[in-house]
Amino acid sequence: MAEQALQRTVNFQFPFTINRSYTVRRVLSVTLLVAASVTTRATAQFPQPSGFAVDDPVLRRIWAIETDSSQLPHLAQVLFDSLGPRLTASPGMTAAQNWLLATYTAWGITARKEQYGTWRSWRRGKTHIDLVAPRARTLEGTALAWSPPTPRGRPLRASVVILPDVADSAALVAWLPQARGKFVLIAMPQPTCRPDDSWEKWATPSTVDSMKARRTAAQQAWQQRLQRTGYVTGGGVAGAAGLSRRLEAAGAAGIIGSFWSQGWGVQKIFTAYTDRAPVLDIACEDYGLLYRLAENKQSPIIEVTAESQALGEVPVFNVVGEIKGSQLPNEYVMLSAHFDSWDGGSGATDNGTGSITMLEAMRILKQVYPNPRRTILVGHWSGEEQGLNGSRGYVHDHPEVASGLQALFNQDNGTGRVENMSASGFPDAAASLARYLARVPADITRNIKFGFPGAPSGGGTDHASFVSCGAPGFGLGSGDWDYGRYTWHTNRDTYDKISWDDVKNNAALAAMLVYLASEDTVRMSREKRTVFSLTPGGQPGAWPECRDAQRSTPPLVPAPPPPPAARP
Ligand SMILES: [Zn+2]
């Protein structure tokens, strides 16, 4: 068994994963054996996935390499555990991009950093939050991205107060002196941190209904409380930016929210909108504890250490890899996945898995298809989480790639195997994609639902940057794996959440699609659909607008004026 596996391995890839001395001793004899038998045994020596429709040695090699000697777990461990999350413009992103370049260089693949703009750089340090009164307890929480530190990064001890239920903005201003030097809770306390499916499993239906009704009423009341302050412009963290700035201007020690992701132990960790007061997210259970202590006048005091460094506006880059085309070098087939992440976890499924899928596909293509017909590119975008900025910038900076694009394949929704594809609203492109998929083994395509012709994506992830500008970009849509609730932008987006068989499947699929699109004798159609369903607002739909990137950090919401009492 081991012998047979080795025969498959040596012919086509670096013996990375095999004990080196063992490999070297055996390479010569095995190579001779393989060379002698390669014509007769070319098909027999590879694993036989069910459902190859054509006997194409390149497709078989792609499958064999990913099956026998995937590099995905190794790449992921280095990237997610050691390098960690990749917040746009952070030193962590720079380190991860340098690793990406070094990895491509080691594989003999040309890769470069391309600047598309500048962004605010910030380095996360440690966050430590303890309840110190009325009793000691270490709380589960962290600073939001781009949060200012506690003064000099030192422990800051202060009492905790709840944003009051004021009648209007004037009443809030009158209250603001009481926020000075205190941590202010601005999120609704969840009535339960137990996910709904647990309630539905264990409670009677009437108990579930009454819990949900009480929660809905509490959510509406809290939204009204926020609106009445006069400083909230919408939902979520961004909507409360003005309120955060107001509390900061009033001298609050810090601002505390809690963005529960509706599962056990999951919080979404987004961005702070202050430049002096630290902004923390405290996990559902501990946030509720602080809230109840404050509400019941039990005088909670916490001690917070939040370290971070604001490093100013710095250049930001995409990483682009290339295998030059031998016959049509000015036509392009592109792999695509954003490399940046939020930083509450490791960015493992958003979009670490998409990133290593494309990285692995390039590694395999370099071995099995080193002289492609068209030029193969890979785009590891930055700034996706701030609005597809890296990919939008690339499309505008590279009109020759947008106009010469045969096809782009993007993946950005977690660890699951690809289950959804569409022609992105290019009706005749569906025929090309169907031809490719018909050559991919049924083991991979069996579960893929294809949308004819699909709709153009206007946002959400990076193929939209291409599609909106009329270039044929396609999303590889993964199975759900509780992505939205448990890993997307959460503190639990970590290495252990990955389903390796599925990511291996996706890397093989991506490599096969690129090979087939590169070899295609037919140019991919760009004819657009002209009839659209109505928008949710009842407006006629249209092809999305081709927009340039936001090329630098937008300014923070201006600090509101200090309250009247504090004016000189
Ligand atoms: Zn993403």
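Guide: Helices (H or I, at least four residues) and strands (E, at least two) are DSSP runs, numbered from the N terminus. This is a predicted model, in which local features need pLDDT of at least 70, side-chain atom pairs count only at pLDDT 80 or more, and totals for chains, interfaces and linings use all residues. Residues are numbered from 1 along each chain as its sequence is written.

Visitor: What is the mean pLDDT of the protein?
Guide: The term pLDDT is the predictor's confidence in each residue, from 0 to 100. In this protein 90% of the residues reach 70 or more. The mean pLDDT is 91.

Visitor: Over which residues is the pLDDT below 50?
Guide: Two residues are in contact if their C-beta atoms, placed from the backbone, lie within 7 Å. Beyond near neighbours in sequence, the stretch you ask about has 37 contacts in the model. The pLDDT is below 50 over residues 1-44.

Visitor: How many helices and how many strands are there, and what share of the residues is buried?
Guide: The protein has 19 helices and 15 strands. A residue is buried if 20 or more other C-beta atoms lie within 10 Å of its own, exposed if 12 or fewer, and partly exposed in between, with C-beta atoms placed from the backbone. Of the 568 residues, the share that counts as buried is 46%.

Visitor: Among contacts between residues at least 6 apart in sequence, what share joins residues at least 24 apart?
Guide: The count starts from contacts in the protein between residues at least 6 apart in sequence. The share of these that joins residues at least 24 apart is 81%.

Visitor: Is M358 buried or exposed?
Guide: M358 is found in helix α12. Not counting residues up to four places away in sequence, M358 touches L335, S336, A337, V378 and A510. Because 28 other C-beta atoms lie within 10 Å of it, M358 is buried.

Visitor: How far apart in space are M358 and N506, C-alpha to C-alpha?
Guide: In sequence, M358 and N506 are 148 residues apart. From C-alpha to C-alpha in space, the distance is 8.9 Å.

Visitor: Are α12 and α19 parallel or oblique?
Guide: The axes of α12 and helix α19 (residues 500-519) cross at roughly 50 degrees and come within 8 Å; axes are lines fitted to C-alpha atoms, for helices over the stretch in contact, and angles run from 0 to 180 degrees between N-to-C directions. Angles under 35 degrees count as roughly parallel, over 145 as roughly antiparallel, 65 to 115 as roughly perpendicular and the rest as oblique. That makes α12 to α19 oblique.

Visitor: How do the residues of the contact of α12 with α19 divide?
Guide: On the α12 side are T353, I356, T357, M358, E360, A361, I364 and L365, which meet V503, N506, A507, A510, A511, V514 and Y515 in α19. Ala, Val, Leu, Ile, Met, Phe, Trp, Tyr, Cys and Pro count as nonpolar, Asp, Glu, Lys and Arg as charged, and the others, Gly among them, as polar. The residues of this contact divide into 11 nonpolar, 3 polar and 1 charged.

Visitor: Which residues of α12 does α3 meet?
Guide: Helix α3 (residues 57-69) and α12 pack at an angle of about 130 degrees, with their axes 10 Å apart. That makes α3 oblique to α12. From α3, the residues V58, R61, I62, I65 and E66 take part, and in α12 they meet I364, Q367 and V368.

Visitor: Which residue does a cis peptide bond join to D350?
Guide: Most peptide bonds are trans. The cis bond you ask about has an omega of about -5 degrees. The partner of D350 lies in helix α12 (residues 348-368), and that partner is N351.

Visitor: Are A89 and S299 buried or exposed?
Guide: A89 has a positive phi of about 70 degrees, and S299 one of about 55 degrees, although neither is a glycine. A89 counts as buried, because it has 26 C-beta neighbours inside 10 Å. With 11 other C-beta atoms within 10 Å, S299 is exposed.

Visitor: How many residues of helix α10 are buried?
Guide: Helix α10 (residues 241-249) is mostly covered. Its buried residues pack against elements including α8 (205-228) and β6 (254-257). The count of buried residues in α10 is 9 of 9.
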